[in-house]
Amino acid sequence: MLDVDFFRRWLTAAAAAVEREAGRLTDLDSAIGDADHGSNLQRGFRAVIAALEAEPPETPGATLILAGRQLISTVGGASGPLYGTLLRRTGKALGDSAEVTAPRLAEALGAGVAAVAQLGGAKAGDKTMIDALEPAVAALGTSFAAAATAADEGAVATVPLLARKGRASYLGERSIGHQDPGATSSALLIAALAATAGE
Amino acid sequence: MSTGQPVGVVLVSHSRAVAKAVAELAIGLAGGGTTAPVAAAGGTPDGGLGTSSELIAAAAAEVDRGAGVALLVDLGSAVLTVKSMLAEGDELPEGARLVDAPFVEGAVAAVVTASAGADLDAVEAAASEAYDYRKV
C-alpha cells in the first residue's frame with residue numbers, strides 16, 4: 001500500500017531529479033523550444049517542496065492536488081498547467097483514501113494523463129509529454145520499473161518525430177532529430193516514482 | 001444574465017507590455033463615454049515572459065461586476081493556464097469564460113461590445129467574429 005509519505009517522497013525525488021537535470025532540459029528546450037523548460041520546472045518543484053513542508057497534506061490525493069496547484073501558479077510556461085493538471089487530476093481520482101494500491105495509482109494516473117491530453121489537444125506521436133506518459137501508464141500494470149523504462153523509451157522515441165504542438169511545431173522539419181523536453185521531464189517524473197518504490 | 005453591469009474583459013499575454021498596450025488600444029478605440037472594465041494580466045509576477053495564474057485571477061476579480069468576465073489570451077501557456085483555472089472551478093469569478101478570438105482584434109471587439117452594455121454571449125460573439133475579417 002502507498003501512503004502519504006510515499007507520495008511526499010515521490011515528489012521530493014522528482015524535485016531532486018529536476019534540480020539535477022535542469023540544465024539538460026533547458027538544453028533540449030533551446031533546440032526546439034524557448035529554452036526555459038529546466039528553469040521553469042525548477043521554480044515549480046521548489047514551490048511544491050516548500051508548500052509540502054509548510055502545510056503537509058494528510059492523504060495521497062491531497063498531496064498531488066497541492067503539488068499540481070503549485071505548478072500551475074509558479075511555472076509560468078505551458079508545462080505548468082500541463083503538469084499541474086496531471087498531478088491534480090491524478091490526486092482527485094485518488095479521492096480521500098489514506099492509502100492506495102499500485103493498481104489504483106495506475107488507474108488514477110491514467111485519468112491524469114487523459115486530462116493532460118485533452119487540455120493540450122495532443123495525442124501519441126505529436127512529440128509531447130504524452131509520448132512518455134501513455135506508455136508509462138500502460139506499463140504500470142506490470143511494475144513501476146517497467147513504467148520507468150517505458151517512459152524513457154517513449155521520450156527517446158520522440159527524437160525522429162515532427163512536433164505538432166507548442167512552439168516546437170512552428171519549426172516544422174527542424175524539430176526532427178531532437179528529443180522532446182516535455183517527454184524527457186515526464187520520464188524523470190516516472191523514474192522518480194520507480195525509485196521511490198525501490199524498483 | 002442581465003445585471004445592468006458591464007461584462008469585464010481580461011487580456012492575458014506572455015508579455016506585460018503587450019497585455020497593457022492592447023488594453024490601452026482597446027479602451028482608446030472604444031472611446032466616448034464610460035468603457036467596460038478591462039484588466040491586463042501580462043507576463044510573470046517578476047516581469048518576465050510567461051503566464052501567471054495569480055495575475056490572471058487578480059485581474060478577473062478586478063473586472064468582475066457580476067455580469068461575467070471574458071478572458072482573451074495570446075499563445076500556448078496562456079490558453080492552457082486559463083483552461084486549467086476554469087477546470088478547477090473556484091479560481092475565476094462565476095461566469096468567467098475563455099473567449100476564442102484573435103488577441104488584438106478580439107480585444108477591441110470585446111471591449112467595444114462590453115462598453116455598449118452587451119451581455120457575455122454577445123461580447124464573446126463579437127470577439128470571435130474578428131477571426132472572419134480577412135486582411136487580404
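The exercises below work through a predicted two-chain model, each with a step-by-step solution.

In this predicted model, local features need pLDDT of at least 70 and side-chain atom pairs count only at pLDDT 80 or more, whereas totals for chains, interfaces and linings use all residues. Residues are numbered from 1 along each chain as its sequence is written, chains are lettered from A and ligands numbered from 1 in the order in which they are written, and side-chain values use heavy atoms, with hydrogens and water left out.

**Exercise 1. Describe the fold and dimensions of chain A.**

Solution. Begin with the secondary structure, where helices (H or I, at least four residues) and strands (E, at least two) are DSSP runs numbered from the N terminus. Chain A has eight helices and two strands, and along the sequence they follow the pattern β-α-α-α-α-β-α-α-α-α. The radius of gyration of chain A is 15 Å, close to the 16 Å that the globule rule gives for 199 residues, so chain A is as compact as a globular protein of that length; here the radius is taken over C-alpha atoms, and the rule is 2.2 Å times the number of residues to the power 0.38. Along the principal axes, the C-alpha trace of chain A spans about 50 × 35 × 30 Å.

Next, consider burial, for which buried means under 20% relative accessible area, exposed over 50%, and partly exposed in between (1.4 Å probe, protein chains only). Of the 199 residues of chain A, 54% count as buried. Turning to contacts, which are heavy atoms within 4.5 Å, residues 24 or more positions apart account for 66% of the contacts in chain A with a separation of 6 or more.

**Exercise 2. Examine the backbone of A:Ala35 and A:Lys127, and state where each residue lies.**

Solution. Take A:Ala35 to begin with: it has a positive phi of about 60° although it is not a glycine. A:Ala35 lies in the loop between helix 1 (4-32) and helix 2 (37-54) of chain A, and at 35% relative accessibility it counts as partly exposed.

Then take A:Lys127, another residue other than glycine with a positive phi, in this case near 70°. A:Lys127 belongs to the loop between helix 5 (102-120) and helix 6 (130-139) of chain A, and with a relative accessible area of 2% it is buried.

**Exercise 3. Give the corresponding overall description of chain B.**

Solution. Chain B has five helices and four strands, which run β-α-β-α-β-α-β-α-α from the N terminus on. For its 136 residues a compact globule would have a radius of gyration near 14 Å, and the 13 Å of chain B agrees with this. The C-alpha atoms of chain B fill a box of roughly 40 × 35 × 25 Å along the principal axes. Of the 136 residues, 47% count as buried, and among contacts in chain B between residues at least 6 apart in sequence, 76% join residues at least 24 apart.

**Exercise 4. Which residues does B:Val99 contact, leaving aside its neighbours within four places in sequence?**

Solution. Locate the residue: B:Val99 lies in the loop between strand 4 (96-98) and helix 4 (103-115) of chain B. At 2% relative accessibility, B:Val99 counts as buried. With the sequence neighbours within four places left aside, its contacts are B:Ala70, B:Leu71, B:Leu72, B:Glu124, B:Ala127 and B:Ser128. As a further distance, B:Val99 and B:Val9 stand 90 residues apart in sequence and 9.9 Å apart in space, C-alpha to C-alpha.

**Exercise 5. Characterise the interface between chain A and chain B, and the place of B:Glu88 in it.**

Solution. Start from the totals: the contact takes 15 residues from chain A and 14 residues from chain B. The two chains bury about 1,200 Å² between them, 49% of it on carbon and sulfur atoms, where buried area is the accessible area (1.4 Å probe) that two parts lose on being put together, summed over both.

Now count the salt bridges, each a side-chain nitrogen of Lys or Arg within 4 Å of a carboxyl oxygen of Asp or Glu; there are three between chain A and chain B. One of the salt bridges joins the side chains of A:Arg88 and B:Glu88 (3.1 Å, N to O). B:Glu88 is found in helix 3 (residues 76-88) of chain B and, at 11% relative accessibility, counts as buried. Beyond its neighbours within four places in sequence, B:Glu88 is in contact with A:Arg69, A:Arg88 and A:Lys92.
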